[in-house]
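I opened this entry to look up how aromatic rings meet one another and where charged side chains sit over them. The notes follow in the order in which I looked.

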Amino acid sequence: MPYLTEPEFRHDQPRRLGILLINLGTPAAPTAAAVRPYLKQFLSDPRVVEIPRLAWWFILNGIILNTRPKQSAAKYASIWTRDGSPLAIYTRQQAKLLQGYMGDAGQQVMVEWAMRYGQPSVADKLMALKAAGCDRVLAVPLYPQYAASSSGSAMDALADAIKALRNPPELRIVKQFHDSPAYIDTLARRVQSHWAQQGRGDHLVMSFHGIPRFSLDKGDPYHCQCHKTARLLAEQLGLNKDQYTVAFQSRFGRTEWLKPYTSEVLQQLGKRKTGKLDVICPGFVADCLETLEEIAIEGKETFLTAGGGQYRYIAALNAEPDWIIALARILAPHLGGWLEHQEDQQATTARLSLARALGAKH
């Protein structure tokens with residue numbers, strides 16, 4: 001495989017530190033035509049669908065990609081904004097605000113954002129960081145809980161991008177932050193702020209993205225990490241076991257997924273005539289299709305139709321200032337040694353002088 005052409009090297013270009021935030025992805029528009037290639041890329045990932053490739057190829061191309069894009073496009077249209085996809089908007093804002101916050105703290109970093117599926121791609125943004133002089137990159141899959149199908153897939157994308165580079169940057173990866181005190185504290189403040197404005201609910205549902213049950217049996221730590229996040233959040237909020245429920249959403253296909261299913265939990269709580277139900281998604285740091293459409297819209301309909309009272313979805317952390325501060329704290333240990341040894345202008349000038357003395361032009 002031929003390597004990509006390296007950016008032009010200059011001895012007077014400062015060595016920089018890059019941070020790459022990676023989220024799941026989004027189609028370019030809420031249309032079937034735009035959703036189809038996005039779904040094809042997503043569902044072709046063997047990390048996402050662990051079915052023998054040949055059998056899955058016929059199912060994907062013969063059935064799913066001929067029916068699901070139109071259905072998914074309608075769902076995306078229900079949450080699309082004037083500025084585009086909520087997930088892309090919030091991830092872009094997170095990158096911009098994180099760079100500003102760290103810069104104000106004297107930490108000179110360049111922060112980019114990418115999507116595992118769709119655009120901007122991980123490979124393109126890694127190359128952009130290289131072109132800007134970043135020879136050290138901290139990659140941050142924005143999934144608090146590690147799963148092979150999410151964080152693991154983001155690592156695959158990074159590995160593929162590095163394979164194409166003749167001179168890859170030094171790379172570190174934040175694997176998970178499900179039990180980070182900064183993350184748990186920020187989640188707790190989000191719930192407490194909601195209670196302060198809307199009144200305390202009668203029950204709290206913590207809905208996490210689901211994965212197939214066999215992933216747990218094969219050693220995926222996701223299920224355990226979700227429950228640890230939920231336990232720590234409940235402790236921070238002073239909730240006992242009867243006051244909250246952990247559930248899993250976004251089930252796909254006929255195989256068994258992690259239980260209990262969020263849709264069934266909401267239906268049961270509705271049948272019990274729960275008066276005020278609060279729902280939060282602690283596995284998502286930015287609102288997206290799975291939170292805004294599946295939980296805030298479909299989940300509400302399920303709960304109310306079953307006889308429930310008030311349904312209150314608690315927004316994701318998005319680009320709120322306290323989350324940006326928490327994110328910087330989460331990343332701090334992973335940047336150890338890098339921030340302390342950043343190159344200043346004097347060192348850059350000296351390096352250029354030495355290079356010219358040896359015959360370099362620039």
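For the aromatic entries I counted rings of Phe, Tyr and Trp as a pair if their centres lie within 6.5 Å. The model I am reading is predicted.

**Cluster.** With that cut-off in hand, I looked up Tyr 38, Phe 42 and Tyr 117, and I noted that these three residues form one aromatic cluster.

**Pairs.** I then asked how many aromatic pairs the structure holds, and the count I wrote down is nine. I turned to Phe 208 and Phe 248, whose ring centres are 6.2 Å apart and whose planes meet at 35°, so I entered this pair as tilted, since that angle is neither under 30 degrees, as stacking needs, nor over 60, as edge-to-face needs. I also noted that this pair links distant parts of the chain, as Phe 208 belongs to strand E5 (residues 203-209) and Phe 248 to strand E6 (residues 244-249), with the two positions 40 residues apart. Both Phe 208 and Phe 248 are buried.

Next I looked up Phe 303 and Tyr 311, which form a tilted aromatic pair with 5.8 Å from centre to centre and 45° between the planes. Are these partners buried or exposed? Phe 303 has a relative accessible area of 0% and is buried, and Tyr 311, at 9% relative accessibility, also counts as buried because the cut-off is under 20%.

**Charges over rings.** Last, I checked the basic side chains, and found Arg 172 over the face of Trp 338, at 4.0 Å from the ring centre. I also found the charged end of Lys 175 over the ring of Tyr 146, at 4.9 Å from its centre.

Definitions and conventions
Residues are numbered from 1 along each chain as its sequence is written. This is a predicted model: local features need pLDDT of at least 70, side-chain atom pairs count only at pLDDT 80 or more; totals for chains, interfaces and linings use all residues. Side-chain values use heavy atoms; hydrogens and water are left out. Rings of Phe, Tyr and Trp (its six-membered ring) pair if their centres lie within 6.5 Å; planes under 30 degrees apart count as stacked, over 60 as edge-to-face and the rest as tilted. Helices (H or I, at least four residues) and strands (E, at least two) are DSSP runs, numbered from the N terminus. Buried means under 20% relative accessible area, exposed over 50%, partly exposed in between (1.4 Å probe, protein chains only). A charge sits over a ring if NZ of Lys or CZ of Arg is within 6 Å of the ring centre and within 35 degrees of the ring normal.
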